[in-house]
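Me: Please take a close look at the backbone of this model. Pick out the unusual spots and place each one in its surroundings.

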Amino acid sequence: MDKSCASAAEAVACIPDGATVMIGGFGGSGGPIELIHALIDKGAKNLTVINNNAGNGDVGLAAMIREDMVSKLICSFPKSKDPRAFTERYLDGKIELELVPQGTLAERIRAGGAGIPAFYTPTSYGTDLAKGKPVGEFDGRSYVQERWLKADFALVKGELGDPMGNMTYRLAARNFNPLMCMAARHTIAQVTKLVPAGGIDPEQVITPGIFVNSIVEIANPQQEEVLNREGAVYP
Amino acid sequence: MTDFAEIKLSNAQIAWRAAQDIEDGAYVNLGIGFPEMVAQYQVEGREAIYHTENGVLNFGAAPAEGEEDWDLINAGKKAITLKDGAAFFHHADSFAMVRGGHLDVAILGAFQVAQNGDLANWSTGKGVPAVGGAMDLVHGAKRVAVVTDHVTKKGDPKLVAECTMPLTGVGCVTRVYTSLAVIDIEDGHFVLREKLPQISLEELQAVTGGELKVQGTVADLIVPTL
């Protein structure tokens with residue numbers, strides 16, 4: 001089995017207009033910058049993007065939004081040091097926002113990957129974000145029903161990968177990435193080092209290859225926070 | 001009339017007071033911003049293990065400038081370091097720790113706290129809404145405490161009979177550390193535990209939106225100069 005791909009451009013070529021795309025990362029940590037930039041190069045319109053944030057500065061997800069590729073964003077915290085791209089479009093009514101509490105966002109994605117269509121959580125009970133959602137009482141406490149979240153594609157970033165799709169992550173760059181691998185119909189991963197099958201100790205694998213469809217080596221990957229501190233603009 | 005601006009505690013002093021209640025061995029989540037200061041005043045001889053929503057347990061102080069690794073950040077997107085015995089995990093596990101009742105204490109900021117424990121701290125109702133992990137955090141930790149100024153910049157009470165701002169959670173706060181007092185929330189009431197000795201109960205009540213109940217002694221709120 002060989003899921004490896006020669007380039008980021010080749011890996012994202014299959015993403016059409018109108019697709020729902022999960023993008024891993026939390027703030028600047030764990031975002032697959034090269035895959036996002038390859039998608040900007042390719043161009044795609046009317047995307048629904050699922051990410052914890054709404055981009056920062058002029059690179060990565062913020063650049064996708066600035067290029068008007070995103071019509072809807074599902075996230076928990078659309079604020080950052082430099083959120084202009086999203087904020088301007090949101091206040092102009094040009095981008096739709098579905099705001100989801102962070103733990104609910106994570107669990108909805110996990111549920112999507114695990115085949116669980118809905119679950120109950122105490123989070124958001126009695127608040128504006130629970131409006132219109134069914135409420136259930138369990139052992140005397142009220143919980144809000146939330147639905148799974150799935151996507152056509154996931155773009156994720158790992159540290160080590162092998163041609164089977166097995167992956168590890170670096171430091172806190174793990175965050176949403178393993179969950180999104182599970183919840184997308186087609187998961188595209190960039191890894192800092194692609195090793196032969198057997199090159200990752202099976203006990204150290206965090207994402208088993210069954211959740212990954214295509215994997216591309218990007219040695220020395222860019223890091224969103226570092227790019228922003230340099231004032232980088234893409235393209 | 002006592003001039004509150006002269007005597008009120010600084011944010012550092014409020015954080016210091018909150019830190020005194022963190023037990024040895026506690027698993028703790030500190031909200032982004034002001035609550036993060038609590039970690040600086042950990043009581044000597046006690047070890048608290050700090051959790052951050054983005055998937056780290058047992059992180060330490062910020063690294064020296066220039067030493068940051070931006071893959072290693074906290075929920076406030078600030079660079080952190082690791083202590084021995086740290087662990088990484090993905091977001092679903094992280095919030096299982098939160099909702100599953102595995103954290104001992106969560107300490108958050110507030111716009112308003114109501115006498116029934118309702119908390120409003122995520123939205124002023126204007127501009128771009130952003131919630132992050134606040135709504136999850138208030139429903140998991142065994143103790144949910146708030147650190148806050150006692151009144152707003154305009155002088156309005158932040159401890160209120162009922163929240164008028166969008167809620168983060170219902171009936172979730174158990175203790176409030178303010179710039180003037182320490183107040184528990186029990187059975188739908190504010191119960192005054194400590195107050196600055198320079199302020200009378202009447203003066204404190206005048207800047208508090210719900211009734212302050214007194215059960216037993218009210219201790220003096222004494223903190224060091226920081």
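Reply: Pro235(A) sits in the segment that follows helix H7 (224-229) of chain A. In this predicted model, the peptide bond leading into Pro235(A) from Tyr234(A) is cis. Its omega is near -5°. Most peptide bonds are trans, and most residues other than glycine have a negative phi.

Chain B offers two exceptions on the phi side. Asn58(B) has a positive phi, near 70°, and is not a glycine. Asn58(B) belongs to strand S3 (residues 56-60) of chain B. Its relative accessibility is 5%, so Asn58(B) counts as buried.

Asp187(B) is the other case. Its phi is about 50°, again positive in a residue that is not a glycine. Asp187(B) is in a loop of chain B, between strand S11 (181-186) and strand S12 (189-195). The relative accessible area of Asp187(B) is 77%, so this residue is exposed.

The two strands flanking that loop, S11 and S12, also take part in covering a helix. They are among the elements that cover the buried residues of H2(B). The cover also includes strand S5 (105-108), strand S8 (143-148) and strand S10 (175-178) of chain B. Helix H2 spans residues 11-19 of chain B and is mostly covered. Of its nine residues, seven are buried. Four alanines are on that list: Ala12(B), Ala15(B), Ala18(B) and Ala19(B). Gln13(B), Ile14(B) and Arg17(B) complete it.

Conventions. Residues are numbered from 1 along each chain as its sequence is written. Chains are lettered from A and ligands numbered from 1 in the order in which they are written. This is a predicted model: local features need pLDDT of at least 70, side-chain atom pairs count only at pLDDT 80 or more; totals for chains, interfaces and linings use all residues. Side-chain values use heavy atoms; hydrogens and water are left out. Buried means under 20% relative accessible area, exposed over 50%, partly exposed in between (1.4 Å probe, protein chains only). Contact means heavy atoms within 4.5 Å.
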